[in-house]
Amino acid sequence: MEILSVQNLNKHYPKFDLKNVSFSLEPGYIMGFIGRNGAGKTTTIKSIMRLVHPDSGTVAVLGKDFAAEEFACKQQIGLVLGEVSYYPTKKISVIADVTRRFYLEWDANAFEGYLKRFDLDLDKTVKELSGGMRVKFALALALSHNARLLILDEPTTGLDPVSRDDLLELFQELIENSERSIFFSTQITSDLDKCADYITYIKKGEIIASTSKDDLVNSYKIVKGTRAQLTETLLPQLIGCKKNDFGFTALLRTDNLPFAAGLEIAPSDLESIMIHIEKE
């Protein structure tokens, strides 16, 4: 059974449209959600959670229709939308005590474990926490009610490289028993290179790819050459061609490699794919 199914999600705003967003996620996997700022990542997440009401489309969590069984679905989701910034003068122990009352399966031992892991002090107020520590606190709250699905919007923002690496290791631990899945958006594509199984890519409100990370990365190559090698036959095959005084760099679909004879060819990664596709 799919842990998350999103089908034909649409949301209209005066200057932006979410258009027929569809993807699904099986238990036991991590899916990265990528796209440049303003592409629709946060709108998609808020529409999934019905924090904004989509104009059409369906969302199902563990086979349950979200619109019809919202309370039951939300019990199965751990949600992080950036750092905790509300009630800045309240101690985080007070916020945790309020939060636990919303969940039927709040696990006090798990919460204490995450507090220790993230080095969080219950006696501190929210305003006394750094931005990174506020993100960790939000994660501790999201992880402590036995959620089957974690939906995280930019969870590694504000964390130093060591803390980010620790968090990615935790993500891997959480899905080891194949009962949980993680769906998270990020601008830090190197984090996804380390931990993601699948990638969903949104551009201007539309999903342009939703596939395994390896399949996405392997479907493109980086090519480099001189200006003289930019022939009329090659140029239409290039994606996001960047010219300079020495030549050019571009993205090329792997199945178009015959057009790249004589050029320098290198493996792609998520960052290079995003950069060239967005410049297309």
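**View 1. K242 in a positive surface patch.** K242 is partly exposed, with a relative accessible area of 38%. The model shown here is predicted. K242 sits in strand β12, which spans residues 238-244. Its side chain joins those of R36, K204 and K279 in a surface patch of positive charge. Patch members need over 30% relative accessible area, so K242, at 38%, clears that cut-off.

**View 2. A negative surface patch that includes E128.** Four acidic residues gather here on the surface: D119, D121, D123 and E128. Together they make a patch of negative charge. E128 belongs to the loop that links α4 and α5, the latter covering residues 131-142. Helix α4 itself runs over residues 108-117.

**View 3. F102 in a nonpolar surface patch.** V94, V98 and F102 form this patch. Its area is about 280 Å². F102 lies in the loop between α3 (92-100) and α4 (108-117). F102 is exposed, at a relative accessible area of 56%. The limit for exposed is over 50%, so F102 falls in that class. K242, by contrast, is partly exposed at 38%.

**View 4. Helix α9, mostly covered.** Helix α9 takes in residues 270-278. Seven of its nine residues are buried. The hydrophobic side chains among them include L270, I273, M274 and I277. S272, H276 and E278 are buried as well. K279, a member of the positive patch, is the residue numbered just after this helix.

**View 5. The whole protein chain, for context.** The chain has 280 residues, and 48% of them count as buried. Nine helices and 14 strands make up its secondary-structure elements. Along the principal axes, the C-alpha atoms fill a box of roughly 65 × 40 × 40 Å. Many contacts link parts of the chain that are distant in sequence: of those between residues at least 6 apart, 69% join residues at least 24 apart. The exposed area is about 13,800 Å². Carbon and sulfur atoms supply 48% of that area.

**View 6. Charged side chains across the protein chain.** The chain carries 33 positive and 39 negative side chains. The centres of the two sets lie 6 Å apart. Local clusters of each sign appear on the surface. R36, K204, K242 and K279 form the positive one shown in the opening view. D119, D121, D123 and E128 form a negative one.

Notes: Residues numbered from 1 in each chain as written. Predicted model: local features only at pLDDT ≥ 70, side-chain atom pairs only at ≥ 80, totals over all residues. Heavy atoms only, no water. Patch = residues over 30% accessible without salt bridge, like charges linked within 9 Å, V, L, I, M, F, W, Y side chains within 5 Å. Areas by Shrake-Rupley, 256 points an atom, 1.4 Å probe, with all protein chains shown as cover. Helix = DSSP H or I, 4+ residues; strand = E, 2+ residues; numbered from the N terminus. Buried < 20%, exposed > 50% of the residue type's maximum accessible area, 1.4 Å probe, protein only. Contact = heavy atoms within 4.5 Å. Lys, Arg positive; Asp, Glu negative; His and termini not counted. Charge placed at Lys NZ, Arg CZ, Asp CG, Glu CD.
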